[in-house]
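Thanks for sharing this one. Here are a few notes to read alongside the structure.

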Amino acid sequence: NIANVSYYYNYDNSDTINWKTYFIDDLDNQLITNIPPNPIREGYIFNGWYKEKECTNKWDFNKDIIPAKLYDNEGNYIFKETIIYAGWKSK
């Protein structure tokens, strides 16, 4: 199975990570109930999870629902990823 929800560290040039994905999950038309632990970044404070890379709108784990999975006419899964971005503040 392919996970359709990805949590991104949301910063480049990190010596501690080789991949931008922090956590993944596979959901279908539901709330996220398995919230990952807060990521750590040297010199920064984690500021929450956001809907976009620019960290404008926080993801509301009590209201925001992962969209229903889509399938084509032959029953093949049409992959659509939901990306949730980490927000950071300088210390």
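1. Let's start with the sheet. Four strands make up an open sheet, in the order E2-E1-E8-E4, and their pairing is mixed. The edges are taken by strand E2 (21–25) and strand E4 (44–50); each has a single partner strand, so one side of each has no neighbour in the sheet. On average, and ignoring direction, neighbouring strands here are turned by 20 degrees against each other. Please bear in mind that this is a predicted model.

2. A closer look at one pair may help. Strand E1 (residues 5–8) and E2 run antiparallel and are joined by four bridges. If you want a place to find this pairing on screen, Ser6 stands opposite Ile24 in E2. As a reminder, strands of a sheet pair through backbone hydrogen bonds, in either a parallel or an antiparallel way.

3. Now for the protein as a whole. There are eight strands and zero helices, which gives the pattern β-β-β-β-β-β-β-β along the sequence. The C-alpha trace spans about 50 × 30 × 20 Å along its principal axes.

4. How are the contacts spread along the sequence? Of the contacts between residues at least 6 apart in sequence, 62% join residues at least 24 apart.

5. On burial and surface: of the 91 residues in the protein, 34% are buried. The accessible surface comes to about 6,400 Å², and carbon and sulfur atoms account for 47% of that.

6. Last, the charges. The protein carries 10 positive and 13 negative charges, and the mean positions of the two groups lie 9 Å apart.

Notes: Residues are numbered from 1 along each chain as its sequence is written. This is a predicted model: local features need pLDDT of at least 70, side-chain atom pairs count only at pLDDT 80 or more; totals for chains, interfaces and linings use all residues. Side-chain values use heavy atoms; hydrogens and water are left out. Helices (H or I, at least four residues) and strands (E, at least two) are DSSP runs, numbered from the N terminus. Buried means under 20% relative accessible area, exposed over 50%, partly exposed in between (1.4 Å probe, protein chains only). Contact means heavy atoms within 4.5 Å. Accessible areas come from the Shrake-Rupley method with a 1.4 Å probe; for residues, only the protein chains shown count as cover. Lys and Arg count as positive and Asp and Glu as negative; His and the chain ends are not counted. The place of a charge is taken as NZ of Lys, CZ of Arg, CG of Asp or CD of Glu. Two strands pair if DSSP finds at least two bridges between them. Axes are lines fitted to C-alpha atoms, for helices over the stretch in contact, and angles run from 0 to 180 degrees between N-to-C directions.
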